[in-house]
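Subject: Structure for you to look over

Hello,

I am passing the structure on to you with this email. My notes on what turned up in it follow below.

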Amino acid sequence: MRAVLRIANRVLLGLAGLILVVLGGSVLAVGLGVRPPSWWIHDGRHDVLLSSAERTRWRDEGWWWPTVIAVLAVLVLLALWWLSAVLRRRRLAEVLVDTGDGEGAMLRGRALEDVLAGDAEQLDGVGRAHVLLTGRRSAPEARVRLLLEPHVDPGTALHGLATESLGHARDSAALAALPAEVRLRAAKHRAERVS
């Protein structure tokens, strides 16, 4: 779902930007004296975009107002969907822990993030770790960013994270699985002098 939202976000922003640039650029060009094509919406510096005749042309038609209202309603619904998708919380607030008695317990998502990040920072060669839990509370997913120290094998750090840190978090929260997206970044360091 996030990939769909990301794509929809980029496409909508790109289309809105393209339309605004084309319309604004054309109005600016005509205002500066460029002769527009014959089919363009206005044809001179002192022409208005919509004349009174153009604005009232379809007013007496029976299909005009229902069509305008339907199009505007669809645009408003799409804008509200887009806004709610952008403003929706990405961070998981709680994780459901199966206690074995059928009741379950709630674990704060931020607490599990902090413990997982602290556990990851204890691994050899990991300078800093940042963890973000996403997904559903019964099936959380982790996004982990690791800052690796110089001269550390990324495969070793990734293996340690998967087997130790994520394994401990999965076992302690009694989760069937804890999928993770891991991003590794190497710490910058000064060049070493060879003497």
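Alanine 174 sits in the loop that links α5 to β5 (180–186). The model is a predicted one, and in it this alanine has a positive phi of about 55° although it is not a glycine. Its relative accessible area is 40%, so alanine 174 is classed as partly exposed.

Histidine 151 is a further case of this kind: its phi is near 65°, a positive value in a residue other than glycine. The loop that holds histidine 151 lies between β4 (140–148) and α5 (154–172). Histidine 151 counts as exposed because its relative accessibility is 68%. As background, most residues other than glycine have a negative phi.

The loop between α5 and β5 also contains alanine 177. With a relative accessible area of 45%, alanine 177 is partly exposed. Alanine 177 and alanine 139 are 38 residues apart in sequence, while their C-alpha atoms are 7.6 Å apart in space.

A second pair to check is alanine 73 and leucine 133, which are 60 residues apart in sequence and 36 Å apart from C-alpha to C-alpha. Alanine 73 belongs to helix α3, and its relative accessible area of 38% makes it partly exposed.

On the strands: β1 covers residues 94–97 and has two faces, a covered one with Val95 and Val97 and an uncovered one with Glu94 and Leu96. Side chains in a regular strand alternate between the two faces of the sheet. Strand β1 runs antiparallel to β2 (residues 105–108), and four bridges join the two. Which residue of β2 is the bridge partner of valine 95? The partner is leucine 107.

Next, the charges. The structure holds one salt bridge. The bridge is formed by the side chains of glutamate 181 and arginine 183, with 3.1 Å from N to O. How exposed are its two ends? Glutamate 181 has a relative accessible area of 37% and is therefore partly exposed. Arginine 183, at 53% relative accessibility, counts as exposed, since the cut-off for that class is over 50%.

Apart from that pair, a patch of positive charge is found on the surface, where Arg6, Arg10, Arg88, Arg90 and Arg143 gather. One of these, arginine 90, is in the loop between α3 (64–87) and β1. Arginine 90 counts as partly exposed because its relative accessibility is 33%.

There is also a nonpolar patch on the surface, of about 540 Å², made by Ile7, Val11, Leu15, Ile19, Leu23 and Ile41. Among these residues, isoleucine 19 lies in helix α1, which spans residues 2–31. Isoleucine 19 has a relative accessible area of 49% and so falls in the partly exposed class, for which the upper limit is 50%.

If you open the model, these places may serve as starting points: the positive phi of alanine 174, the positive phi of histidine 151, the salt bridge between glutamate 181 and arginine 183, and the nonpolar surface patch that includes Ile19.

Regards

Definitions and conventions:
Residues are numbered from 1 along each chain as its sequence is written. This is a predicted model: local features need pLDDT of at least 70, side-chain atom pairs count only at pLDDT 80 or more; totals for chains, interfaces and linings use all residues. Side-chain values use heavy atoms; hydrogens and water are left out. Buried means under 20% relative accessible area, exposed over 50%, partly exposed in between (1.4 Å probe, protein chains only). Two strands pair if DSSP finds at least two bridges between them. Patches are made of residues with over 30% relative accessible area and no salt bridge: like charges are joined within 9 Å, nonpolar side chains (Val, Leu, Ile, Met, Phe, Trp, Tyr) within 5 Å. Accessible areas come from the Shrake-Rupley method with a 1.4 Å probe; for residues, only the protein chains shown count as cover. A salt bridge is a side-chain nitrogen of Lys or Arg within 4 Å of a carboxyl oxygen of Asp or Glu. Lys and Arg count as positive and Asp and Glu as negative; His and the chain ends are not counted. The place of a charge is taken as NZ of Lys, CZ of Arg, CG of Asp or CD of Glu.
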